[in-house]
Structure formats: structure tokens, C-alpha cells
Amino acid sequence: MTAAPELAPPFRLIAYDQIGSTNDEAKRLAEAGAEHGTVVWAAEQTAGRGRRGRHWHSPRGNLHSSFLLFPRCPLHEAAQLGFVTAVALREALSEICPVGRFECKWPNDVLCDGLKVAGILLETAGHADWMVVGVGVNVVAAPDPALYPATCLRGVGCPATAGDVLAALCRNLAVWYDTWRMRGFAPVREAWLAGACGLGRPAEARLADGEVVKGIFAGLDAGGALLLTSADGGQRSVLAGDVFFAGGR
Amino acid sequence: MSLTSEDVEEIVRILDASFVDELRLETKRFRVILRRGDAGWTQETRTLAPEHATPSAIADAPAEAVAGEAPPAAAKAGAPVETQLVGTFYRAPNPGAPPFVEVGSRVEPDTVVGIVEAMKLMNSVHAGMRGTVLEICTDNGQFVERGHVLMRVRREDA
């Protein structure tokens, strides 16, 4: 593991050399009474996972981290924290890796030069007041072609370490979290759309029940759902699914 | 100790890495059969009558009715487990994995019975009560509104 970075308040680091899943550990800590701002960081995950239990490639050198937050808001608003984190991560990566062009992809992936470089997975349980925001960034290695084509920071010539990325993320997330708490989702939505991938382009969302919704990516609704406009002018909002843009991303 | 969905997941993880195609496990409290299929593992679980709780609860029910105090309608149909989040309901932690619970599964208040996803927020739904799953009212992958009844549970802690 690279040297443990100093984190911006309110974040406090708990670092591990190897762990199954940082999200699972953060959830365990939440149940054990850990506080808002606890950050679980592991040099390596042996059971890293993404959406719907997909394997998350977690070799040493990449960033595997989970943020424990107590947003104290209704559950449907808490989902907005994925956008808060994505906006903060995009800014963090743009700061430390100026050679890359970073974009947000619905709902909360971050792309570098059009390829997936980071993923965010939010988890909460029942009526719990905590939320775990898992953030994985491909720093030194990208997975073999999977569902989405991927890249890593080193691949675009950026020498930053996982610790550098975590420190920059915490600085930006502290600011964006406060913005969201004080001013709501509107400024987050605006910043997300300003850096969004595929706006105005044809896209399709593959839903869990097998339905494929196709349309032009028209933006986000006020709560963060993906808006797709179909050829007949109708609009569908999508809350969960895999999104692909024409051209394969 | 009863079998939890986490136990089943752990067993499947171990089996995944093995050459075993079928596992039958039976104790005094439960029976579980896991089979490897083309689309992943299938699961059959059955809670066997424990020494206390279930048989006496069933036997007591008519006695209560005779006593003149009819059980509330909700108790007959089972208590609802509802979602607080609008989104997509999943019965298993990932595609191909055994469902968290089946009809007949024993649940504790903190047993995870499903997941609802909205914008990559995964909300684990807990049973919220002790009992047995009577009915699963929602299909895997179905879109659910807030307050939607996901399943019904015969309560044993009321």
C-alpha cells in the first residue's frame, strides 16, 4: 500500500492491507457504531464487487475504498449521493490527472477518454440511517474487457497513486457533500450534467426484467432518474439498468 | 442456529470453486439442496418443524378462535414486507444466485429478504419480523413503488 494519505475532514481513514470487500467492512463498522466520515481503504480486495454482485477487479495499486455516511434524509434522496460522489470523483481525477478527459456516466460511473475508470456502489440496509458509498478506481490496472470497456490512470500516462486519488476525492467530496446538504440536489445535478457522457446521443438501458429502453439521452429528472426520449417524442425515466451509448459505450 | 441467506451465499461461493454439482444438507431445523445448473445455482430450502415455535403456533391458532378473539386479517394473510424505496426488486444478491428466501423460509427481523435498487443504491430489505415466508408477491426484476408489498410473512413475534 502506498503511504496513508491525510484526509480532509470529516473523513477519517481505516486502512487495511487486504480485505474481502471494503463495502462489507464499512457496513460491519456501521453496525458496530462507527461514525460519519469513516473511510475504509484496502490495498487489495479479495471479493470486490460491483452492481448486482458483479466481480470488481481489485488488484494492488488500484483504489478500493468505502465511505460511511449518515445523510439523515429520506431513502430516495440518499440515492443522490451516488451523483454527489461521481461529481466529486470526476473533479478529483481531473485535478490529479490533467491529461485525461473525465466524464460522468449514468448513474455514477466515471469515464476517462470514454472508457470506464471508476465505479461507485451505494448500499444501505432496511431503515438504517447509514449509507456506504463504495468507490473503486482503476489506478494502475484495468480489467480485461467486461461489460463495459475500461482503462486505468496509468494507461493514460498519469503517475498518481491510489493514495493520491483518495486524498483528492476526500477534498472534493467534503465540499460536494456540504453543497448537497445545504442546497439540495439541483447544483449536483447541474454539475453532473455539465460533465456527462452521451448527452443528446442515442442510448439504451437494459432493465432487469429484460426490457430494453431505447431513446435519446435527454438528461436527468429532478431526482436523478435517466430520461430517454423515444422517436415518437415520448419520454421514459429509468431508475435502474445498464446503460449503453451508440458506438458501444 | 437457523440457516441464513448469508450462509447459503457462503456455501455457494465454496461450491463454485469446487467440482461438486449438488449439495444436500439436512439438519433438525432445515433442509437445503443446491444444484449447479446452466444459469447458476438453484436452491431448495425447507424449514423443518423445530421442537417449539411453529407446531405450537399452528396448534394454538384454533384455540384462540374458540376463545372468541379472532385474529386480525393481517395475521391470516401474513404481515406485509414493504419497500421504502422506488426501484427494481431483486430476489437474489446477483443473477444466478439462489434467492435470499423462498416460501417457507424462516426469517428473523434482520434477515435480508431482497434488494431494491435505484440509481445504483442497493437497499437491502429486511423481514422486520420473526416468522415464516408465506407468499412472495413480487417477481425478480419487477419495478416497485414505495409501499409495494414484496412478500408476506406469518409472524411469530407478535
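**Note on the interface of chains A and B, and on selected salt bridges and strands**

1. In this predicted model, 22 residues of chain B are in contact with 29 residues of chain A, contact meaning heavy atoms within 4.5 Å. Between them the two chains bury about 2200 Å², and 61% of that lies on carbon and sulfur atoms. Buried area here is the accessible area (1.4 Å probe) that two parts lose on being put together, summed over both. On the side of chain B, Met119(B), Lys120(B) and Leu121(B) lose the most area to chain A, together 39% of what that side buries.

2. On conventions: the model is predicted, local features need pLDDT of at least 70, side-chain atom pairs count only at pLDDT 80 or more, and totals for chains, interfaces and linings use all residues. Residues are numbered from 1 along each chain as its sequence is written, chains are lettered from A and ligands numbered from 1 in the order in which they are written, and side-chain values use heavy atoms, with hydrogens and water left out.

3. Which residues form a salt bridge at 2.7 Å? Asp109(A) and Lys120(B) do, with that distance separating their closest N and O atoms. The rule finds one salt bridge across the interface of chain B and chain A; it asks for a side-chain nitrogen of Lys or Arg within 4 Å of a carboxyl oxygen of Asp or Glu. Eleven residue pairs are in polar contact across the interface, both residues being at pLDDT 80 or more. A polar contact is a pair of N or O atoms within 3.5 Å; within protein, one must be able to donate a hydrogen and the other to accept it, and residues adjacent in sequence count only if both atoms are side-chain atoms.

4. The elements of chain B that give two or more residues to the side touching chain A are β5 (87–90), β7 (112–118) and β8 (121–126). Strands are DSSP runs (E, at least two residues), numbered from the N terminus. The largest share of that side, five residues, comes from β8(B). By residue type, the side of chain B that touches chain A holds eleven nonpolar, eight polar and three charged residues. Ala, Val, Leu, Ile, Met, Phe, Trp, Tyr, Cys and Pro count as nonpolar, Asp, Glu, Lys and Arg as charged, and the others, Gly among them, as polar.

5. Strand β6 (residues 115–125) of chain A and β8(B) run parallel and are joined by four bridges; two strands pair if DSSP finds at least two bridges between them. Ala125(A) stands opposite Ser124(B) in β8(B).

6. Over all chains, a search of the whole structure finds 20 salt bridges. One of them joins Arg49(A) and Glu123(A), whose closest N and O atoms are 3.1 Å apart. Arg49(A) lies in the loop between β2 (38–45) and β3 (63–69) of chain A and Glu123(A) in strand β6 of chain A, so the pair ties together parts that are 74 residues apart in sequence. Arg49(A) is partly exposed at 26% relative accessible area, while Glu123(A), at 8%, is buried (buried is under 20%, exposed over 50%, partly exposed in between; 1.4 Å probe, protein chains only).

7. Four strands of chain B form an open sheet in the order β4-β11-β9-β6, with antiparallel pairing. β4 (79–82) and β6 (106–107) of chain B stand at the edges with a single partner strand each, so one side of each is left without a neighbour in the sheet. Two bridges pair β6(B) with strand β9 (residues 131–136) of chain B, and Arg106(B) has Thr132(B) as its bridge partner in β9(B).
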